[in-house]
Amino acid sequence: MNIPDPVPLYDRIYAVIRQIPPGKVAAYGMIARIVGRCTPRMVGYALAALRTGDKGVPWQRVVNSQGQLSLRGPEQREMLESEGVAFDAQGRIDLARFGWSGPDDAWLEAHGYDVLWFMQGK
DNA sequence: CTTCTGACGAAAT
DNA sequence: CATTTCGCCAGAA
């Protein structure tokens, strides 16, 4: 189970990204897993379709699975550093330290997710 | 209606 | 470590 269809996929993706707290980052694949019926690629598409500042989506907190930034690199890095996220010598983020662990139970419940289902991974 | 084109990721080779 | 393959949304032309 996950969010039912009246809500467009992109909006569901944005809703999840808005849950990432300042100072944390999440990988595309993780967003996709939380959203459900979604692939990492779709998350990239959704963000590409976004304009800076649109819908209050903190796009800078979405990085690839290796903790690296993509296209808007410099600007994104600056925004993250001002939130307290650190980069190593190779420009990567230590996901063990700054990786987001997912939305809290209250949010999942409020959006119609089965928390147990989410914890189990699928 | 069709075609094109993007902020990705995991597994196989 | 480098490449390839597939997954299959949404807006513009």
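In this predicted model, helices α1 and α3 pack at an angle of about 90°, and their axes lie 10 Å apart. Since angles of 65 to 115 degrees count as roughly perpendicular, α1 and α3 are therefore described as roughly perpendicular to each other. Both helices also belong to the elements that give two or more residues to the surface near DNA strand C, and the points below take up the helix packing, the DNA surface, one buried glutamine and the chain as a whole.

**Packing of α1 against α3**

- On the α1 side, the residues that meet α3 are Leu9, Tyr10, Ile13, Tyr14 and Ile17, and their partners in α3 are Met42, Val43, Tyr45, Ala46 and Leu47.
- By class, the contact of α1 with α3 consists of 10 nonpolar residues, with no polar and no charged ones.

**Packing of α2 against α3**

- Helix α2, which spans residues 28–35, packs with α3 at an angle of about 100°, and the two axes are 7 Å apart.
- With an angle that falls in the range of 65 to 115 degrees, α2 and α3 are therefore also roughly perpendicular to each other.
- Tyr28, Gly29, Ile31 and Ala32 form the α2 side of this contact, while Pro40, Val43, Gly44 and Leu47 form the α3 side.
- The residues of the contact of α2 with α3 divide into six nonpolar, two polar and no charged.
- Val43 and Leu47 of α3 appear in the contact with α1 and again in the contact with α2.

**The surface near DNA strand C**

- Five names make up the protein surroundings of DNA strand C, namely Leu9, Tyr10, Arg41, Met42 and Tyr45, and of the atoms of this strand that come within 4 Å of the protein, 56% belong to sugar and phosphate.
- A backbone N or O atom of Leu9 is placed 3.3 Å from a phosphate oxygen of DNA strand C, whereas Tyr10 brings a polar side-chain atom to 2.9 Å from a base oxygen of the strand.
- Arg41 likewise approaches a base, with an N or O atom of its side chain 3.0 Å from a base oxygen of DNA strand C.
- The elements that give two or more residues to this surface are α1 (9–17) and α3 (40–48), and α3 provides the largest share, three residues.
- In terms of class, the surface near DNA strand C has four nonpolar residues, no polar ones and one charged one.
- Leu9, Tyr10, Met42 and Tyr45 are around DNA strand C, and these residues are also among those through which α1 and α3 meet.

**Gln60, a buried residue in a loop**

- Gln60 sits in the loop between α3 and β2 (62–63), and because its relative accessibility is 6%, where buried means under 20%, Gln60 counts as buried.
- Leaving aside residues up to four places away in sequence, Gln60 touches Gln76, Met79, Leu80 and Glu83.
- With one of these residues, Glu83, the side chain of Gln60 makes a polar contact through the side chain of Glu83, at 3.1 Å.

**Chain A as a whole**

- Chain A contains seven helices and two strands, which follow one another from the N terminus in the order α-β-α-α-β-α-α-α-α.
- The chain has 122 residues, of which 41% count as buried.
- Among contacts in chain A with a separation of 6 or more, 61% are accounted for by residues 24 or more positions apart.

Note on methods:
Residues numbered from 1 in each chain as written. Chains lettered and ligands numbered in written order. Predicted model: local features only at pLDDT ≥ 70, side-chain atom pairs only at ≥ 80, totals over all residues. Heavy atoms only, no water. Near = heavy atom within 4 Å. Polar contact = N/O pair within 3.5 Å; in protein donor to acceptor, adjacent residues only side chain to side chain. Helix = DSSP H or I, 4+ residues; strand = E, 2+ residues; numbered from the N terminus. Nonpolar A, V, L, I, M, F, W, Y, C, P; charged D, E, K, R; others polar. Buried < 20%, exposed > 50% of the residue type's maximum accessible area, 1.4 Å probe, protein only. Contact = heavy atoms within 4.5 Å. Axes fitted to C-alpha atoms, helices over the stretch in contact; angles between N-to-C directions. Parallel < 35°, antiparallel > 145°, perpendicular 65-115°, else oblique.
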